[in-house]
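Here are some short exercises to work through with the structure open in your viewer. Try each task before reading its solution.

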Amino acid sequence: MSDQHSLHSFETLAIHAGNTADPLTGAVVPPIYQVSTYKQDGVGGLRGGYEYSRSANPTRTALEENLAAIEGGRRGLAFASGLAAEDCLLRTLLAPGDHVVIPNDAYGGTFRLFAKVVSRWGVEWSVADTSDPAAVRAAVTPKTKVIWVETPSNPLLGITDIAAVADVARGAGAKLVVDNTFASPYLQQPIALGADIVVHSLTKYMGGHSDVVGGALIAADERVGEELAYHQNAMGAVAGPFDAWLVLRGIKTLPVRMDRHSENAGRVAEMLTKHPKVTKVLYPGLPEHPGHEIAAKQMKAFGGMVSFRIAGGEEAAVEVCNRAKLFTLGESLGGVESLIEHPGRMTHASVVGSALEVPGDLVRLSVGIESGDDLLADLKQALG
């Protein structure tokens, strides 16, 4: 991140970082460089450093500069999906015999990557309640190279004290990786709190419109960023130029969208706490949430994700999902439209039977930016 970028507020960075006017036409939006290769100025003479779009593409470069600026990192990298970013990260930092501490509440795809893919080439992992720094410390072994955190977590909305776990990681000589997808960099800045690398599914709040799939890594250290960039090119799962352009466009409105997501989610959570068919509401903005004080300390607001449990068990939870009308039944999250899903049968089916299995009576909401009154009305009718 340049010194110039460090002088601006988040809202300004979101709009301007990486978004320099096109030198040819003066276009204020970076063009979509839908190109695979570039004319060179003689053998080995790269014009602007570009030779092949797997290695670098001007539209992707604009996004990567923006990502580094808004997360306060030294290097940003954009990928074809969040899991592609995670795969690159793990293969960069780990070797056979290394160990990773992962959270007991994590995205099902992340768990599947560890349990079914990374473990096959000799990487060990164990589960810890990352909301308890002592539990994380107890899970660390002499082989631990990475401590992985999601906060807020998916789908139980757990909160991890990033600064406290960063201290654990430093003491163990391990890298702290924080999945910041649920919060977004507008609400939470993990690198400023001690994280080494931030992970995003750009598909979610960063893109914000349910029209793009992408992932990102942002490194706090330039050397680590260079190692990640080497593997990004060597492995090749890069973001395409149009996808990069869509995410860059989405980031410009991230602050105003997150404010509205958080406002609506707070209203939804408050209503659910009073509903007789709801047995538990999981939202860090509620004072009774066990991570509320930490979330209030490290987040600007509490985000747009709300989970809750239903009286009547799994079938009752499924029926609520099916009866919703304005809330669209679907996976993913972070778009302007509201979504509802049953994690146990949908996004987290891969963790059934593991230490990360989620309750069958759980419903997860991605609260959009529609009228809050309309969203409340729809949930009330869905609950019956």
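**Exercise 1.** In this predicted model, find which residues T130 is in contact with, leaving aside its neighbours within four places in sequence.

*Solution.* Start by locating T130 in the loop between β3 (124–128) and α6 (133–139). Next, list its partners beyond four places in sequence: P103, N104, V136, W148, V149, T160 and V165. Then look at the side chains: those of T130 and T160 are joined by a polar contact of 2.8 Å. Finally, check the exposure. The relative accessible area of T130 is 4%, and buried means under 20%, so T130 counts as buried.

**Exercise 2.** Decide whether T151 is buried or exposed, and find which backbone atom its side chain reaches.

*Solution.* First, place T151 in the loop between β4 (144–150) and α7 (162–172). Its relative accessible area is 0%, so T151 is buried. Now follow the side chain, which reaches the backbone nitrogen of T160 at 3.0 Å. Setting aside neighbours within four places in sequence, the contacts of T151 include G158, I159, T160 and I162, and also V178, D179, N180, A183, Q188 and Q298. T160 links this exercise to the previous one: its side chain has the polar contact with T130, and its backbone nitrogen is reached by T151.

**Exercise 3.** Describe how α11 and α14 pack: at what angle, and how far apart are their axes?

*Solution.* Take α11 as residues 254–273 and α14 as residues 372–383. The angle is about 35°, and the axes lie 10 Å apart. As for handedness, this crossing is right-handed. Now name the residues that meet: R260, N264, R267, V268, M271 and L272 come from α11, while α14 brings G372, D373, L375, L376, L379, K380 and L383. Sorting them by class gives seven nonpolar, two polar and four charged residues.

**Exercise 4.** In the largest nonpolar core, find which residues touch the most other members.

*Solution.* This core has 40 residues, and the ones to pick out are L63, L67, M206 and I251. To see where the core comes from, note the elements that each supply at least two residues: α2 (10–16), α3 (58–71), α8 (184–187), β7 (215–219), α10 (241–252) and α11. Then zoom in on L67. Not counting residues up to four places away in sequence, L67 touches L77, A78, L202, M206, A216, I218 and I251. As a last step, find another core lying apart from the largest one: it has 29 residues, among them L77, A84, V146 and L217.

Definitions and conventions. Residues are numbered from 1 along each chain as its sequence is written. This is a predicted model: local features need pLDDT of at least 70, side-chain atom pairs count only at pLDDT 80 or more; totals for chains, interfaces and linings use all residues. Side-chain values use heavy atoms; hydrogens and water are left out. Helices (H or I, at least four residues) and strands (E, at least two) are DSSP runs, numbered from the N terminus. Buried means under 20% relative accessible area, exposed over 50%, partly exposed in between (1.4 Å probe, protein chains only). A polar contact is a pair of N or O atoms within 3.5 Å; within protein, one must be able to donate a hydrogen and the other to accept it, and residues adjacent in sequence count only if both atoms are side-chain atoms. Contact means heavy atoms within 4.5 Å. Axes are lines fitted to C-alpha atoms, for helices over the stretch in contact, and angles run from 0 to 180 degrees between N-to-C directions. A crossing is left-handed if the near helix is turned anticlockwise from the far one by less than a right angle, and right-handed if clockwise. Ala, Val, Leu, Ile, Met, Phe, Trp, Tyr, Cys and Pro count as nonpolar, Asp, Glu, Lys and Arg as charged, and the others, Gly among them, as polar. A nonpolar core is a set of buried Ala, Val, Leu, Ile, Met, Phe, Trp, Tyr and Cys residues joined through side-chain atoms within 4.5 Å.
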